[in-house]
Amino acid sequence: MSVDIRMGKDGILRAEFSGDLDSSIVEQIRREFTPYIEASTPESPLKSIVTFYQLGKISFKTRRYMTELNQDSRYGAVAYIQPPRKARVLAQFIQKGSHRKNIRFFETEQEAIDWIHQFEEQLVF
């Protein structure tokens with residue numbers, strides 16, 4: 001399993017996952033996401049682009065953590081780039097469990113960025 005999480009110059013967090021999302025990786029994901037979530041607010045939520053490469057198994061603990069993360073109002077727009085079927089199912093599971101509509105699927109990063117900016121505009125109070 002490989003995890004690469006980094007903030008882009010455009011203020012959009014990039015998360016890349018490959019291999020199995022097993023229980024052993026959840027703490028690493030939590031450690032890397034937590035500072036970004038803590039620096040965000042419901043009025044200025046974290047925006048992210050997620051890419052999966054050769055996605056393997058997805059553990060219950062991972063699904064539960066990702067659902068809990070998505071329930072946090074500080075976690076905003078999440079764009080999946082060309083997600084494999086397992087990632088689409090995971091995203092649908094997360095949205096159902098969190099009762100939010102903040103995850104979308106895209107073919108290109110530019111399409112994802114455009115949607116994220118539209119999502120931000122909807123948050124204007």
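**View 1. Thr67, a buried residue in helix H2.** Thr67 counts as buried because its relative accessibility is 10%, and the cut-off for buried is under 20%. The model shown here and in every other view is predicted. Thr67 is found in helix H2, which spans residues 60–71. What does Thr67 touch, not counting residues up to four places away in sequence? The partners are Phe93, Ile94, Gly97 and Ser98.

**View 2. The largest cavity and its lining.** A search of the whole structure finds 1 cavity of 30 Å³ or more. About 100 Å³ of space lies in the largest cavity. Its lining is made by Phe17, Phe33, Val50, Phe52, Met66, Leu69, Asn70, Tyr75, Val78, Tyr80, Ile94 and Ile103. Ile94 also appears in View 1, as one of the residues that Thr67 touches. Which elements each supply at least two residues of this lining? They are strand E3 (46–58), helix H2 (60–71) and strand E4 (75–81). How many lining residues are nonpolar, polar or charged? The lining divides into 11 nonpolar residues, 1 polar residue and no charged residues.

**View 3. Ser59, in the loop between E3 and H2.** Ser59 is found in the loop between E3 and H2. Is Ser59 buried or exposed? Its relative accessible area is 14%, so Ser59 is buried. Leaving aside neighbours within four places in sequence, Ser59 is in contact with Leu21, Asp22 and Ser23. Ser23 also takes part in an atom pair with Ser59: the side chain of Ser59 reaches the backbone nitrogen of Ser23 at 3.4 Å.

**View 4. Gln54, a positive phi in strand E3.** Most residues other than glycine have a negative phi. Gln54 has a positive value, near 45°. The place of Gln54 is in strand E3, one of the elements that supply lining residues to the cavity of View 2. Gln54 counts as exposed because its relative accessibility is 75%, and the cut-off for exposed is over 50%.

**View 5. Gln82, a positive phi in a loop.** Gln82 is found in the loop between E4 and helix H3 (85–98). What is the phi of Gln82? The value is near 40°, which is positive in a residue other than glycine. Gln82 has a relative accessibility of 48%, so it counts as partly exposed.

How values were computed: Residues numbered from 1 in each chain as written. Predicted model: local features only at pLDDT ≥ 70, side-chain atom pairs only at ≥ 80, totals over all residues. Heavy atoms only, no water. 1 Å grid on protein atoms, 1.4 Å probe; cavity = no way out; pocket = protein on both sides within 12 Å on 5 of 7 lines; lining within 4 Å. Points joined across faces, edges and corners; volume = space filled by probe spheres on them. Helix = DSSP H or I, 4+ residues; strand = E, 2+ residues; numbered from the N terminus. Nonpolar A, V, L, I, M, F, W, Y, C, P; charged D, E, K, R; others polar. Buried < 20%, exposed > 50% of the residue type's maximum accessible area, 1.4 Å probe, protein only. Contact = heavy atoms within 4.5 Å. Polar contact = N/O pair within 3.5 Å; in protein donor to acceptor, adjacent residues only side chain to side chain.
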